[in-house]
Amino acid sequence: MGSTVLRSTEVDGVPVFWAPGDGVLRASLWFRAGMADESLPTRGWLHLLEHLALHGRDSIRAPVNGHVSLLHSSFDVEGEPDDVVAFLRDVCRWLATPDFSDLEHERRVLRAESATRGSSATGNHLLWRYGARGAGLAGYDELGLYTAEADGLRELAGWAYARGNAALALSGPPPAGLQLPLRPGPRRLPTPARPCDQPIPAGFVGRPDAIALSGTIGRSTAATAMLRALERDLQRGLRHGAGVGYSAWSSYELVDADHAMLTAGMDVISEAVPTVVAQSTAVLRRLRDSGPDPAELRDDLNQQIRQITSRPIDHWLPFLAAREVLLGRPATTSPDELVAETEAVTVGDVRRAALDLWRDLLVSVDPAGAGDPQLTWLGGPPTPGSQPSGRRFRPVGSPVTKGELTIGQSGIHWQTADARTSAQYDELAGVIAYPDGGRQLIRHDGYQVTVEPTMWRQGQQAVALVDSAVPPSLRIPLPERTPDVIPRSSVRTIDKLRYWTNRPVVWVPFLVVCLVGVVLTVATDEIAEQAPKFVVMSLAIGVISYFRQRRNGGTDT
Amino acid sequence: MRLRRRPAEQPLPEIDPCMGDPAARLFCDALTDRDWPTARGILARTDHPDDRAFLLETCGSVFGVQNWIGPVAADDPLAQLVRGCHAVAWAWQARGGLRATYTQADQFRVFFERLRIAESCLYDVISCDPDEVAAWAFLIRTARGLELPLADGEFRFRQAIERHRTHLRAHEEWMQTLCAKWAGSEEWMHHFARDAAARGGDGSMLHTLVALAHLEAMTDRSGEAATHYISRPDVRQDLRTAAGLSIWHPAAERRPGWPVYFNTFALAFSASGDLPAAAAVFEQIGDNITAYPWGYLPGDPVKSFTNARATVLG
């Protein structure tokens, strides 16, 4: 080795990377547009465009595929050179002038696909770390499937699939007749990932019987070595050592050009949940404090080097180059560079990467495992400051249910007896709207304020106020909910009656007035003589009840 | 009726967190005045690892350091060191200075929150300069407070003594972790104290750990059992030997923070009923009373000190 093996050229203004290889030609047309570039109301639009672009193009001769990651979209094909040329030409034509006649069909397909997909640990960590924007959107459902319309999709395709935003990777020389007829447009480099403002290291409640640790750190060979070491150590400590875990896993997600979120996790047996945070963080602390075992690190790096040198380079080097160039980073031109980088990794480098991970640590765990004192446990949004002025609404269950909803000019404030949240309209990532009037105002940090018209007096007016205050572009209209998922007040009329009857201070004076009225209208003179005594006694009962109630703290039923 | 004047009461001595050390006083005053350049100068000039740790311990008594040091600490590892060490004391203030069983849930919440700040500051310091022994020593304490496994505390202790074999603060903190009330046991604590004392040469204050271990063992017992323990002839002999090798040894130096070691022996001798030894130590202490270890006794530490002194000196 030692020679430059990555070849590059340009076709129709698009950089093309390739390496000499045998066999079937594989091509990947990459674009610098991914989930992190979407917004909550348009989450899933790139996936929808990818499906529309590939609709009807798959064949046994030339199988096609598409992929949308946090920062990239790609359209892949493999087959004979002519098939590859035809696919790339046709898909580029579609991307330059998209046709949305299949929109409804693909929207349905993707909704069905979305319904079968559960939330992933990595998605949850991205959501808790970045909220409802940027990389955090990977943790959300594809809500954009409900907002997608032709003009918006066309506008997105206009910049996402522009010539300057594309790169092509090939597993062999560019075939004759290759053309990439994309629209002109600039490259869009990713903006630096912006985490939510929250105390770190922190923990949050995640999937049952599982733990995952994540941190966003600078991309490096040492970082990936550290992630493998962490996965191995979790496996050794929790599965082989304590015997409480299943298989450890890890993931590496690019969140911007220079950083990746590293996640490692494990499913654990229920009995181990209460101590799993302490055990897992101890594993990471060891890596942070002492680094990996030097011999084990050497074995790990050697195995990586074997993989780099044994895999045919045409299968991966051009693809890596396309991905990196679109991020504004230099392309790796030879496996030798990667081998040299891998060989140079030291125990100290891995230790420092583990320290970086620790400094940005988020841990998710089964609810029964939360509370370890090393971490700040994220439970809810930061307590809002002053309550905004605006129209106030009382709960349907008032006075039994305590609470208040204030809808003002600039924001909304919701509070119950033991919690409160607010959202400013200008910090909203999106508003989910149900036909029954239910609204979820989702903030950029992912926390939300919910307005359910069934829970507030004059609730539909509250909803109308919210709708008039929130920009229409943030609205995400979802389909009808089944009645059983629409929340309803559990307070019955009898509960309210009991509430008042338990407060004699309210009904005793009323009774007194009634009594006096009766006496004055129908009673004889003798009764009338006794009436003042009844009045005094009744008032005394009222006063005593009032003070007893105050002494008891005025507890609600 | 004749009016009689009450005999003038002698004013009670006061606890000086700086233990009469002029540099520590200037350091704390500078921190109080938010005069970081002066405080930094004093800290930077304090080379001896034990003196440096003492200085950083005293800064815990200054109110409000956390309100202003954050922005300074962003660019200055020494300020970050002060921020971390101060946060350790700040955390313990939240804990109310009581043993864990008496501490309320919300006190614990703030305690842990502050400890996390301390831990992250001190780790920043050692990632810039792993040879900052004081940071390792204070990290032993944060490990204890955050209930980390013993292996973590031990790692930090080893890091500290690899860099300064006889570091007093590191030994004291690690011995606290080994106490039965934290994560260890009485046997373990005594074993460590003897081991540490053997590491210290003649005149080293590491011998004080033997006395401290006996005081810990005493406070773990109550009433008669406590008195019986500390008065045992072997314990009294241990105390005399330890004092002879530390505070009474001709090679002993009175370095900043010396009163705490003398106070330790004063309490231990008083409690054990070794009045002549206690009297000798009280004479040497004068009014240099320290909060620790007198705070181990119920009630006001100053009153405990003056009562013990009155009993011993007559």
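This passage describes the fold of chain B, two of its helix pairs, its contact with chain A, and one residue of chain A. The model is predicted.

Chain B is assigned 17 helices and 0 strands. Along the principal axes, its C-alpha atoms occupy a box of roughly 65 × 55 × 45 Å, and the radius of gyration of chain B, 20 Å, agrees with the value near 20 Å that a compact globule of 314 residues would have. Of these 314 residues, 46% count as buried. Among the contacts in chain B with a separation of 6 or more, 64% join residues that lie 24 or more positions apart.

One of the helix pairs in chain B is formed by helix H5, which covers residues 77–94, and helix H6, which covers residues 105–128; the axes of these two helices are 8 Å apart and pack at an angle of about 160°. Because the angle is over 145 degrees, H5(B) is roughly antiparallel to H6(B), and the crossing by which H5(B) passes H6(B) is left-handed. On the side of H5(B), the residues that meet H6(B) include B:Pro77, B:Leu81, B:Ala87, B:Val88 and B:Trp90, while the residues contributed by H6(B) include B:Val110, B:Phe111, B:Leu115, B:Ile117 and B:Asp124. Taken by class, the contact of H5(B) with H6(B) comprises 16 nonpolar, 3 polar and 3 charged residues.

B:Asp124, which belongs to helix H6 of chain B, is one of the residues of this contact. With 19 C-beta neighbours inside 10 Å, B:Asp124 counts as partly exposed, since a residue is classed as buried if 20 or more such atoms lie within that distance. Although B:Asp124 and B:Pro77 are 47 residues apart in sequence, their C-alpha atoms are 7.8 Å apart in space.

A further pair in chain B consists of H8(B) and helix H9, the latter spanning residues 168–177, whose axes come within 10 Å and cross at roughly 160°. H8(B) is therefore roughly antiparallel to H9(B), and the crossing of these two helices is left-handed. The contact is made by B:Gly153, B:Phe157, B:Ala160 and B:Ile161 from H8(B), together with B:Ala170, B:Trp174 and B:Thr177 from H9(B). The residues of this contact divide into 5 nonpolar, 2 polar and no charged.

Between the chains, 8 residues of chain B are in contact with 7 residues of chain A. Within chain B, H6 and helix H8 (150–163) each supply at least two residues of the side that touches chain A, and H6(B) gives the most to this side, with 3 residues. By class, the side of chain B that touches chain A holds 4 nonpolar, 1 polar and 3 charged residues.

In chain A, A:Gly131 is placed in the loop between helix H4 (121–130) and helix H5 (150–160). A:Gly131 has 25 other C-beta atoms within 10 Å and is therefore buried. When its neighbours within four places in sequence are left aside, A:Gly131 is in contact with A:Gly136, A:Cys196, A:His444, A:Asp445 and A:Gly446. The C-alpha atoms of A:Gly131 and A:Ala62, by contrast, are separated by 39 Å, the two residues being 69 residues apart along the chain.

Key: Residues numbered from 1 in each chain as written. Chains lettered and ligands numbered in written order. Predicted model: local features only at pLDDT ≥ 70, side-chain atom pairs only at ≥ 80, totals over all residues. Helix = DSSP H or I, 4+ residues; strand = E, 2+ residues; numbered from the N terminus. Rg over C-alpha atoms; globule rule 2.2 N^0.38 Å. Buried ≥ 20, exposed ≤ 12 C-beta atoms within 10 Å, placed from the backbone. Contact = placed C-beta atoms within 7 Å. Axes fitted to C-alpha atoms, helices over the stretch in contact; angles between N-to-C directions. Parallel < 35°, antiparallel > 145°, perpendicular 65-115°, else oblique. Left-handed = near helix turned anticlockwise from the far one by under 90°. Nonpolar A, V, L, I, M, F, W, Y, C, P; charged D, E, K, R; others polar.
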